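Biologist: I'm new to this one, so could you walk me through it? Let's just trade questions while we look.

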Amino acid sequence: MAIAIVGTLDTKGTEVGYLRDLLRVAGVDTLLLDAGSLGAPSIAADVTREQVFKAAGTSLKAIQQAADRGQAVTLAAQGAAKIVKRLHEEGRIQGVLGLGGSAGTTIGTAAMRVLPYGVPKVMVSTLASGQVQHYVGVRDICMIHSVTDICGLNRFTRRILANAAGAMVGMVQAKPIVMNEDKPLIAATMFGVTTPCVEAARKQVEEAGYEVLVFHATGTGGRTMEAMIVDGLIAGVLDVTTTELADELVGGILSAGRDRLTAAAIRGVPQVISLGALDMVNFGPVDSVPKKFEGRRFYQHNANVTLMRTTPEENDRLGKEIAEKASAAQGPTSIVMPLKGISAIDREGGPFWWPEADAALFQSIRNWVGPWVQLIEVDRHINDPDVARIAAETVLAMVHSI
């Protein structure tokens, strides 16, 4: 098998050729995919630009006649993704290496995002030191900052591209890790303020013969979990920490989008939902909090994280959203409500202790949830061992019943 190198061979042909030669010297076969559309390619491709645009449902001639660079990049990304996915399914490639600026990064990472987790993916990009969420998505893509623009070979680009090639060689030639993949996967969500609950539940579920994937509920974590559920990888869900819903509703920085808490419902995957950290909305440093929230209750978690307490009105809306999404589920669903607080700082005497706000959340769920959803009210704090035990026992019972 080979490593697919994705690049625009008209503008980045020299650099792609350098990567190809480094990989070949290391004993790794390569397959060059040309995603360019402007000038003539400076080196020969194994997958031509004509093939790339044909895979996207158009032609190189049509792209050149349109002279729309944005359209060319979009369609090149679509075509490259389709071809790379097919090549991997046919067993012809075992990893993808890309390089480029904004266009090259868009195309290269699009080809990487269609590949399964664990397949080596390395992107050398001029944009890697900034916001890369759009490019990485929920996949395991390694982004390497090019430091300088990728324009010719010099003392910086040679070393950085050599490092990228070395990283790829190391990934594909590393001794395979022996993994027990027979255990069904249970997904769980966690925040620092719900760690005791999730850790205790995880241990109980693992002792029952399952493997637990814990996702940090930071927006990306929730999206990744939802994507894995959609992909059919997850047997059950311990959604202890649904805090991302509060960020989406109120305008915090850790939203997982409107589709959070929908994948398990649609696919009929057994799920236990709890209310972890719905008492808070997340922002960055204090000066990053929008002015419209002046006068609200805040807690400085650290220099880079400012938490804002959700209000009774916001909790009423969150309760309705959770109840409606749970009630629409196609599979077994339970909601575990810890009545003595929903985060480490939401307990009597804590900075976010606000019984009226929590009561609004609980009552809204009671009002809107369907009778076919199991509602488990526990007169304990979320981090009390009883809550973890009940959540674990409930998801295990559900998964066993399928």
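Modeller: What follows is a chat about cores, strands, a helix and salt bridges in this predicted model.

Biologist: Happy to start inside. Which helix or strand gives the most residues to the largest nonpolar core?

Modeller: That core has 37 residues, and V6, L33, V84, I93, V96, I107 and M143 touch the most other members. Several elements supply at least two residues each, including β1 (2–7), β2 (29–34), α4 (69–89) and α5 (102–113). The top contributor, with nine residues, is α4.

Biologist: Let me pick on I107 then. Which residues is I107 in contact with, leaving aside its neighbours within four places in sequence?

Modeller: I107 is one of the core members that touch the most others. With those sequence neighbours left aside, its contacts are V6, A35, V73, A76, A77 and A80.

Biologist: And how many residues are in the other core, the one that lies apart?

Modeller: Its members include A188, V336, V395 and L396. The count for this separate core is 25 residues.

Biologist: On to strand β4, residues 121–125. How many of its residues are buried?

Modeller: Take the two faces in turn. K121, M123 and S125 are buried on one side, and V122 and V124 are buried on the other. Both faces are covered, and the tally for β4 is five of five.

Biologist: Which residue in β4 does L97 stand opposite?

Modeller: β3 and β4 run parallel and are joined by five bridges. Facing L97 across that pairing is V122.

Biologist: What is the handedness of the crossover from β3 to β4?

Modeller: The chain leaves β3, passes through α5 and arrives at β4. That makes it a β-α-β crossover, and its hand is right-handed.

Biologist: What about the pairing with β5? Which residue there stands opposite S125?

Modeller: β4 and β5 (residues 142–145) run parallel too, with four bridges joining them. The partner of S125 in β5 is H145.

Biologist: Now a helix. Which elements do the buried residues of α1 pack against?

Modeller: α1 covers residues 13–25 and reaches 18 Å from its first C-alpha to its last, close to the 18 Å expected. Its buried residues are G13, E15, V16, G17, Y18, L19, R20 and L23. They pack against β1, β2, β3 and α7.

Biologist: Why does S364 count as buried?

Modeller: S364 sits in helix α13, residues 355–368. A residue is buried when its relative accessible area is under 20%. S364 therefore counts as buried, as its relative accessible area is 1%.

Biologist: Charges next. How many residues apart in sequence are the parts that E244 and R260 tie together?

Modeller: E244 and R260 form a salt bridge, with the closest N and O atoms 2.6 Å apart, and both residues are buried. E244 lies in helix α10 and R260 in the loop between α10 and α11, so the pair links parts whose separation in sequence is 16 residues.

Biologist: Is K340 buried or partly exposed?

Modeller: K340 meets D379 in a salt bridge, at 3.8 Å from N to O. The relative accessible area of K340 is 41%, so K340 is partly exposed.

Biologist: Last one. Which residues are joined into one network by salt bridges that share partners?

Modeller: Start with D386 and R389, whose side chains meet in a salt bridge at 3.6 Å, N to O. Both lie in helix α14, three residues apart, about one turn of the helix. Salt bridges with shared partners make one network of R380, D384, D386, R389 and E393.

Notes:
Residues numbered from 1 in each chain as written. Predicted model: local features only at pLDDT ≥ 70, side-chain atom pairs only at ≥ 80, totals over all residues. Heavy atoms only, no water. Core = buried A, V, L, I, M, F, W, Y, C linked by side-chain atoms within 4.5 Å. Buried < 20%, exposed > 50% of the residue type's maximum accessible area, 1.4 Å probe, protein only. Contact = heavy atoms within 4.5 Å. Pairing = 2+ DSSP bridges. Right-handed = clockwise from strand over helix to strand, strands pointing away. Expected span 1.5 Å × (residues − 1). Salt bridge = Lys/Arg side-chain N within 4 Å of Asp/Glu carboxyl O.
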